[in-house]
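Q: I would like a close look at one part of this protein, a helix and what it packs against. Please set it in the context of the whole chain before going into detail.

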Amino acid sequence: MNPMSTSNFQGRTAVVTGAASGFGLETCRLAARLGMNVVLADVMAEPLAAAAAEIEALGVAVLPMRVDVRHAAEVEALAQAVRARFGVPHFVFNNAGVSAGGLIWEHGPKEWDWVLGVNLMGVVHGVRVFTPMMLEAEKADPDFEGHIVNTASMAGLVNMPNMGAYNVSKHAVVALSETLYQDLRLVSDRVHAHVLCPYFVPTGICHSERARPEDARDAAPPTHSQLVAHAVGAKAVASGKVSAADVAQFVFDALCDKRFYVFSHPKALGPVMTRAQDILRGERPSDPYAARPELGAHLKATLRHP
Ligand SMILES: NC(=O)c1ccc[n+]([C@@H]2O[C@H](COP(=O)([O-])OP(=O)(O)OC[C@H]3O[C@@H](n4cnc5c(N)ncnc54)[C@H](O)[C@@H]3O)[C@@H](O)[C@H]2O)c1
């Protein structure tokens, strides 16, 4: 089954977490247009139901499940339900994520748990439950090919200031995904790992609070740096020129080419090179706003003189 073409998607099954909005919803739309069975998992019940109705109306089989990816048992139940309904899935998109910014020492303990719980442990659980299923299917069926796509971020490759826990979570997803790739190469030829690293793209990501469960809320109100991070992030995301639908297409192109790293803005990788050079030369981390000094100056002024 090489190279992969659109005919390889027809009738296969895609599991998408964070399916009710943004990249996840666009991934479901594209999967449906390719004739796939679509499993939609999300923590927001009403948007999930609306997304599932929309995808079903495209004429494919759907399985919507309300899942909080922070919880191992809920992702395990998702995997069992998928297997019972459609068999082992061929594509798993561990995509659910939330954003939280601010100075790194100002996140409360519940915020750390929430951001790492969704962005990192959600991916951990997806990898933990779906990879063994795919490896088993690969052994049993010579035609089986599996793909696991983890959504990280450019924030998993560079560290912009005032993005605290988000940077930490996304670096961990890149590390997890690169290790998954290497581990799969030890034991498998037909189960593949990929990592998506988008830059700023208009989605609901700056409104992650809407998907924040009660148990993940700190009692303290947001700090000044957190409010600033939210405003800066919302502006950057809203002004993104690449759409979430474009990103979903880039991901499917990468699946066909078996590319590991998937970028929404390949021309914006300069800071990744700068970071690598800083490390190799033993330099202190460069100013991430070197190319846009006015933004760095604004952030510094706002945080020093609230
Ligand atoms: N939009 C961007 O600029 C951007 C850039 C880099 C990375 N990302 C990443 O892309 C992924 C998708 O985000 P998006 O931009 O489409 O945002 P989005 O808010 O539109 O979609 C995220 C979805 O994840 C769901 N979700 C949140 N917590 C969950 C939980 N505990 N369990 C299950 N589902 C949960 C939300 O309900 C929502 O439907 C995230 O991992 C995000 O970090 C986004």
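How many helices and strands are there in the protein chain? And which residues of helix H2 are buried?

A: The model is a predicted one. Its protein chain holds 9 helices and 7 strands. The C-alpha trace spans about 60 × 45 × 30 Å along its principal axes. A compact globule of 306 residues would have a radius of gyration near 19 Å, and the chain has 19 Å, so the two agree. Of these 306 residues, 50% count as buried. Among contacts between residues at least 6 apart in sequence, 73% join residues at least 24 apart.

The sheet comes next, as the setting for the helix. The 7 strands form an open sheet with parallel pairing, in the order S3-S2-S1-S4-S5-S6-S7. Strand S3 (62–66) and strand S7 (261–263) are the edge strands, each pairing on one side only. From one strand to the next, the twist averages 15°.

Helix H2, residues 45–56, lies across strand S2 (37–42) and S3. The helix runs at about 175° to S3. At 1.5 Å a residue, its 12 residues should span 16 Å; the end C-alpha atoms of H2 are 16 Å apart, so the length agrees.

The buried residues of H2 are Leu48, Ala51, Ala52 and Ile55. Seen down the helix axis, they fall within an arc of 100°, and therefore line one face of H2. An α-helix has 3.6 residues a turn, so residues three or four places apart point the same way. The buried residues of H2 pack against helix H1 (22–33), S2 and S3.

Cysteine 28 gives a view of this packing from the other helix, as its place is in H1. Cysteine 28 counts as buried because its relative accessibility is 0%, where the cut-off for buried is under 20%. Leaving aside residues up to four places away in sequence, cysteine 28 touches Val16, Ala19, Val38, Leu40 and Ile55. Among these, Ile55 is one of the buried residues of H2. Methionine 160 is a distant point by comparison: it lies 132 residues from cysteine 28 in sequence, and the two C-alpha atoms are 30 Å apart in space.

Two other residues touched by cysteine 28, Val16 and Leu40, are bridge partners, with leucine 40 in S2 paired to valine 16. Strand S1 (residues 13–17) and S2 run parallel and are joined by 5 bridges. S1 is mostly covered, with 5 of its 5 residues buried. In a regular strand the side chains alternate between the two faces of the sheet. In S1, Thr13, Val15 and Thr17 point one way, while Ala14 and Val16 point the other way.

Elsewhere in the sheet, strand S5 (residues 146–151) is joined to strand S6 (residues 191–197) by 6 bridges, and these two strands run parallel. Histidine 147 has histidine 192, in S6, as its bridge partner. Helix H5 (residues 164–187) packs on the sheet, where it touches S5, S6 and S7. The direction of H5 makes about 160° with that of S6.

To return to the part in question: H2 lies across S2 and S3, and its buried residues pack against H1 as well as against those two strands.

Note on methods:
Residues numbered from 1 in each chain as written. Predicted model: local features only at pLDDT ≥ 70, side-chain atom pairs only at ≥ 80, totals over all residues. Heavy atoms only, no water. Pairing = 2+ DSSP bridges. Helix = DSSP H or I, 4+ residues; strand = E, 2+ residues; numbered from the N terminus. Axes fitted to C-alpha atoms, helices over the stretch in contact; angles between N-to-C directions. Contact = heavy atoms within 4.5 Å. Expected span 1.5 Å × (residues − 1). Buried < 20%, exposed > 50% of the residue type's maximum accessible area, 1.4 Å probe, protein only. Arc of directions from axis to C-beta. Rg over C-alpha atoms; globule rule 2.2 N^0.38 Å.
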